[in-house]
Amino acid sequence: MTKVRPVLPLAVFALLCLPAAGPQARQRGDERNAFRSYYTQEYLAFKKRLVEELGKVPPGKFSEFSKRSKAEPGSDHKVIALTFDACGGRHSGYNKALIEYLRREKIPATLFITGLWIEENKETFAELAKDPLFEIANHGLLHRLCSTEGRSKYGVYPTRDLGDVIDEMELNSRKIAELTGRRPLFFRSATAFTDELSLKVAQRLGMEVVGYSVLSGDAMRASAKTMSRNILAGARHGAVVIMHFNHPEWPVQEALEKAVPELRKRGFDFSRLEDFTVKP
Ligand SMILES: [Zn+2]
């Protein structure tokens, strides 16, 4: 899988994508309080069972895990997945123009959304979830990096333990299911870093963890031209491109306006992750 060299250090990704470190603890406390009602007796019993089941499993490798391509080699039908995160918290904006562009161009996409973003954008979320062009995926309840041993990356706020990882994944899946009638099939941890035990947790909760194979560079404040170049350089059959739709000030739409015609010329089709198979 090709990883495109970012134009700025990856630490910038964290700074731009996540709440700042200052009043973080208080903010996190408030955020958790907002979801207090989710911790029902039934949920706590479910979580306890899962912690008992997986508690002895070692954390394993801490890494970015890429989506395994289900694409068949040798086919001349090329498919690429455009994925867009909405991180939430202080970053709960909505790039409406980008979503409208995807609709206009009939480009299917997978949207990884946090519980925090949903809370701030309830009507928009309902509208996106209703649109068959988009697949709703899970980006965590509070946008915490999922590590069962509390490891962090780029200074990003992590989960403390296995129980926290379950909260992050399961509570947002339940939230999405409650609002859409359907549990998400894919999970992406904040920063895309996570550990092998978290992959098992996700699997146990009916989800596959998805990283990316093409870094667009939007979170590094790349220009539309650079992002477009990154996407085109990384485009392969089965590639997963990571972008964001919670920052209307980032030129994601402009980048796609440059890259999409060229991708189409090269014979690529766009696919939601759940449809990520080669058509006969
Ligand atoms: Zn994020």
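**Group meeting talk: a walk through a predicted model**

Let me start with a pair of helices. Helix α9 passes helix α10 in a right-handed crossing. The two axes come within 8 Å and cross at roughly 35°. α9 covers residues 224-234, and α10 covers residues 252-265. Who makes the contact? On the α9 side: Ala224, Lys225, Met227, Ser228, Ile231 and Leu232. On the α10 side: Glu254, Ala255, Lys258, Ala259 and Glu262. By type, the contact residues divide into 6 nonpolar, 1 polar and 4 charged. Keep one general point in mind here. An α-helix has 3.6 residues a turn, so residues three or four places apart point the same way.

Now, how far can we trust this? The model is predicted. Its average pLDDT is 88, and 83% of the residues score at least 70. Two stretches fall below 50. One is residues 1-16, which has 34 contacts in the model beyond near neighbours in sequence. The other is residues 18-23, with 10 such contacts.

Next, the overall picture. The protein has 280 residues, and 45% of them are buried. There are 10 helices and 10 strands. Take the contacts between residues at least 6 apart in sequence: 81% of these join residues at least 24 apart.

On to the interior. The largest nonpolar core has 69 residues. Ile80, Leu82, Leu111, Ile113, Met169, Phe187 and Val241 have the most contacts inside it. Let's pick out Phe187. What does Phe187 touch, leaving aside its neighbours within four places in sequence? Ala137, Asn138, Met169, Ala202, Met207, Val209 and Val210.

One of those, Ala202, takes us to helix α8. This helix runs over residues 196-204, and its buried residues are Leu197, Ser198, Leu199, Val201 and Ala202. What covers them? The cover includes helices α3 and α7, plus strands β5, β6 and β7. After α8 comes Gly206, with a positive phi near 85°.

Now His139. Find it in the loop between β4 and α7. Is His139 buried or exposed? It has 29 other C-beta atoms within 10 Å, and so it is buried; the cut-off for that is 20 or more. Its contacts, again leaving aside neighbours within four places, are Asp85, Ala86, Cys87, Phe112, Ile113, Thr114 and Arg188. Ile113 is also on the list of core residues I just gave. So is Met169. The C-alpha atoms of His139 and Met169 are separated by 7.9 Å, with the two residues 30 apart along the chain.

Last, some backbone geometry. Most residues other than glycine have a negative phi, and most peptide bonds are trans. Here are two residues to look at with that in mind.

Lys106 is not a glycine, yet its phi is positive, about 50°. Look for Lys106 in the loop between α4 and β3. Lys106 counts as exposed because it has 8 C-beta neighbours inside 10 Å.

Arg221 is not a glycine either, and its phi is positive at about 60°. Arg221 sits in the loop between β8 and α9. How exposed is Arg221? Partly, because 17 other C-beta atoms lie within 10 Å.

And α9 brings us back to the start: the helix that crosses α10 in a right-handed sense.

Notes: Residues numbered from 1 in each chain as written. Predicted model: local features only at pLDDT ≥ 70, side-chain atom pairs only at ≥ 80, totals over all residues. Axes fitted to C-alpha atoms, helices over the stretch in contact; angles between N-to-C directions. Helix = DSSP H or I, 4+ residues; strand = E, 2+ residues; numbered from the N terminus. Left-handed = near helix turned anticlockwise from the far one by under 90°. Contact = placed C-beta atoms within 7 Å. Nonpolar A, V, L, I, M, F, W, Y, C, P; charged D, E, K, R; others polar. pLDDT = per-residue confidence, 0-100. Buried ≥ 20, exposed ≤ 12 C-beta atoms within 10 Å, placed from the backbone. Core = buried A, V, L, I, M, F, W, Y, C linked by C-beta atoms within 7 Å.
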